[in-house]
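Colleague: I am new to this structure. Please take me through how to read it, one feature at a time.

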Amino acid sequence: MKVLVIGASIKEERYSNKAIRMLNNFEHDVLAIGLRIGEVDGTSIIIEKENFENIDTVTLYLNAKRQTEFYNYIIQLNPKRVIFNPGTENSDLYHLLDRANIEYENSCTLVLLQTGLF
(Lines give C-alpha, C1' and ligand atoms only; values in the text may rest on other atoms or scores of the structure.)
Protein backbone atom coordinates (compact mmCIF):
# COMPACT_ATOMS: atom_id res chain seq x y z
CA MET A 1 0.00 0.00 0.00
CA LYS A 2 1.35 3.44 -0.93
CA VAL A 3 1.13 5.89 1.98
CA LEU A 4 2.00 9.59 1.93
CA VAL A 5 3.00 11.18 5.24
CA ILE A 6 2.43 14.95 5.19
CA GLY A 7 4.20 16.78 8.00
CA ALA A 8 7.13 14.37 8.14
CA SER A 9 10.03 15.13 10.49
CA ILE A 10 13.54 13.77 10.91
CA LYS A 11 13.22 14.26 14.68
CA GLU A 12 12.87 10.81 16.24
CA GLU A 13 10.53 11.98 19.00
CA ARG A 14 7.92 13.23 16.49
CA TYR A 15 4.94 11.01 15.78
CA SER A 16 5.36 11.49 12.03
CA ASN A 17 8.85 10.00 12.33
CA LYS A 18 7.54 7.07 14.36
CA ALA A 19 4.80 6.56 11.79
CA ILE A 20 7.27 6.43 8.90
CA ARG A 21 9.36 3.83 10.71
CA MET A 22 6.32 1.74 11.66
CA LEU A 23 4.84 1.96 8.14
CA ASN A 24 8.19 0.73 6.80
CA ASN A 25 8.19 -2.11 9.35
CA PHE A 26 4.76 -3.13 8.05
CA GLU A 27 6.24 -3.04 4.52
CA HIS A 28 4.14 -0.20 3.14
CA ASP A 29 5.47 1.95 0.31
CA VAL A 30 6.10 5.20 2.23
CA LEU A 31 6.46 8.67 0.75
CA ALA A 32 7.00 11.76 2.91
CA ILE A 33 6.66 15.52 2.64
CA GLY A 34 8.01 17.79 5.35
CA LEU A 35 9.33 21.27 5.98
CA ARG A 36 12.93 20.13 5.60
CA ILE A 37 14.67 17.65 3.34
CA GLY A 38 15.92 14.58 5.18
CA GLU A 39 15.63 10.83 5.57
CA VAL A 40 13.93 8.51 8.04
CA ASP A 41 14.56 4.79 7.95
CA GLY A 42 15.44 4.88 4.24
CA THR A 43 12.44 7.07 3.33
CA SER A 44 13.36 10.41 1.80
CA ILE A 45 11.53 13.47 3.10
CA ILE A 46 10.95 15.98 0.32
CA ILE A 47 9.59 19.52 0.48
CA GLU A 48 7.88 19.69 -2.94
CA LYS A 49 4.32 18.61 -3.62
CA GLU A 50 5.13 15.97 -6.23
CA ASN A 51 2.41 14.45 -8.39
CA PHE A 52 2.49 10.98 -6.88
CA GLU A 53 0.22 8.36 -8.39
CA ASN A 54 -1.82 5.57 -6.79
CA ILE A 55 -1.71 6.95 -3.24
CA ASP A 56 -3.87 4.76 -1.05
CA THR A 57 -3.61 6.76 2.17
CA VAL A 58 -2.53 10.26 3.16
CA THR A 59 -1.73 10.53 6.86
CA LEU A 60 -1.55 14.07 8.24
CA TYR A 61 0.81 15.42 10.88
CA LEU A 62 0.10 19.14 10.35
CA ASN A 63 -2.31 21.26 12.35
CA ALA A 64 -5.40 22.63 10.58
CA LYS A 65 -3.84 26.02 9.85
CA ARG A 66 -0.78 24.49 8.16
CA GLN A 67 -2.97 22.13 6.11
CA THR A 68 -4.55 24.89 4.01
CA GLU A 69 -1.68 24.95 1.51
CA PHE A 70 -2.22 21.20 0.96
CA TYR A 71 -5.99 21.20 0.33
CA ASN A 72 -5.85 21.23 -3.47
CA TYR A 73 -2.83 18.94 -3.51
CA ILE A 74 -4.54 16.25 -1.43
CA ILE A 75 -7.70 16.43 -3.53
CA GLN A 76 -5.64 16.22 -6.74
CA LEU A 77 -3.83 13.10 -5.44
CA ASN A 78 -7.26 11.47 -5.00
CA PRO A 79 -6.22 9.03 -2.26
CA LYS A 80 -8.63 6.36 -1.07
CA ARG A 81 -8.53 7.89 2.42
CA VAL A 82 -7.00 10.58 4.61
CA ILE A 83 -6.09 9.96 8.24
CA PHE A 84 -6.30 12.93 10.59
CA ASN A 85 -3.95 12.05 13.44
CA PRO A 86 -4.61 13.57 16.89
CA GLY A 87 -4.26 17.36 16.71
CA THR A 88 -4.85 17.54 12.96
CA GLU A 89 -8.66 17.54 12.93
CA ASN A 90 -10.03 20.00 10.34
CA SER A 91 -13.72 20.43 9.45
CA ASP A 92 -12.90 22.62 6.42
CA LEU A 93 -10.85 19.83 4.86
CA TYR A 94 -13.52 17.26 5.81
CA HIS A 95 -16.02 19.18 3.65
CA LEU A 96 -13.62 19.29 0.70
CA LEU A 97 -12.92 15.57 1.01
CA ASP A 98 -16.66 14.84 1.18
CA ARG A 99 -17.21 16.76 -2.06
CA ALA A 100 -14.37 14.82 -3.71
CA ASN A 101 -15.71 11.48 -2.42
CA ILE A 102 -12.50 10.78 -0.49
CA GLU A 103 -12.88 8.88 2.76
CA TYR A 104 -11.30 10.22 5.93
CA GLU A 105 -11.04 9.31 9.57
CA ASN A 106 -9.87 10.85 12.81
CA SER A 107 -7.52 8.24 14.11
CA CYS A 108 -3.91 7.50 14.95
CA THR A 109 -1.79 5.84 12.31
CA LEU A 110 0.37 4.17 14.98
CA VAL A 111 -2.66 2.66 16.74
CA LEU A 112 -4.23 1.54 13.46
CA LEU A 113 -1.02 -0.24 12.52
CA GLN A 114 -0.54 -1.85 15.94
CA THR A 115 -4.13 -3.14 16.05
CA GLY A 116 -4.18 -4.44 12.46
CA LEU A 117 -6.84 -1.91 11.41
CA PHE A 118 -4.67 0.09 9.04
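Modeller: Start with the surface. The accessible surface of the protein is about 6,600 Å². Carbon and sulfur atoms hold 45% of that area. Keep in mind that this is a predicted model.

Colleague: What share of the residues counts as buried?

Modeller: Buried here means under 20% relative accessible area. By that cut-off, 48% of the 118 residues are buried.

Colleague: How do I read the radius of gyration of the protein?

Modeller: Set it against the value for a compact globule. With 118 residues, such a globule would have a radius of gyration near 13 Å. The protein has 13 Å, so the two agree. The C-alpha atoms fill a box of roughly 35 × 30 × 25 Å along the principal axes.

Colleague: What do the contacts say about residues far apart in the chain?

Modeller: Take the contacts with a separation of 6 or more. Of these, 52% join residues 24 or more positions apart.

Colleague: How many helices and strands are there?

Modeller: Five helices and seven strands. From the N terminus on, they run β-α-β-β-β-β-α-α-β-α-β-α.

Colleague: In what order do the strands lie in the sheet?

Modeller: First the general idea. Strands of a sheet pair through backbone hydrogen bonds, parallel or antiparallel. In this case, the seven strands form an open sheet, ordered E3-E4-E2-E1-E5-E6-E7. The pairing is mixed. Strand E3 (38-40) and strand E7 (103-106) are the edges, each pairing on one side only. On average, neighbouring strands are turned by 25° against each other, direction ignored.

Colleague: In which sense do E1 and E2 pair?

Modeller: Parallel, over six bridges. Strand E1 covers residues 2-8, and strand E2 covers residues 29-34. One bridge to pick out: Leu4 has Leu31 in E2 as its partner.

Colleague: Which strands does helix H1 touch?

Modeller: Helix H1 (residues 15-25) packs on the sheet and touches E1, E2, E3 and strand E4 (43-46). The direction of H1 makes about 165° with that of E1.

Colleague: Now a single residue. Where is Ser107?

Modeller: Ser107 sits in the loop between E7 and helix H5 (109-114). Leave aside its neighbours within four places in sequence, and Ser107 is in contact with Ile83, Phe84, Asn85, Pro86 and Leu112.

Colleague: What separates the C-alpha atoms of Ser107 and Thr88?

Modeller: Read two separations here. Along the chain, Ser107 and Thr88 are 19 residues apart. In space, their C-alpha atoms are separated by 9.7 Å.

Key:
Residues are numbered from 1 along each chain as its sequence is written. This is a predicted model: local features need pLDDT of at least 70, side-chain atom pairs count only at pLDDT 80 or more; totals for chains, interfaces and linings use all residues. Side-chain values use heavy atoms; hydrogens and water are left out. Two strands pair if DSSP finds at least two bridges between them. Helices (H or I, at least four residues) and strands (E, at least two) are DSSP runs, numbered from the N terminus. Axes are lines fitted to C-alpha atoms, for helices over the stretch in contact, and angles run from 0 to 180 degrees between N-to-C directions. Contact means heavy atoms within 4.5 Å. The radius of gyration is taken over C-alpha atoms; the globule rule is 2.2 Å times the number of residues to the power 0.38. Buried means under 20% relative accessible area, exposed over 50%, partly exposed in between (1.4 Å probe, protein chains only). Accessible areas come from the Shrake-Rupley method with a 1.4 Å probe; for residues, only the protein chains shown count as cover.
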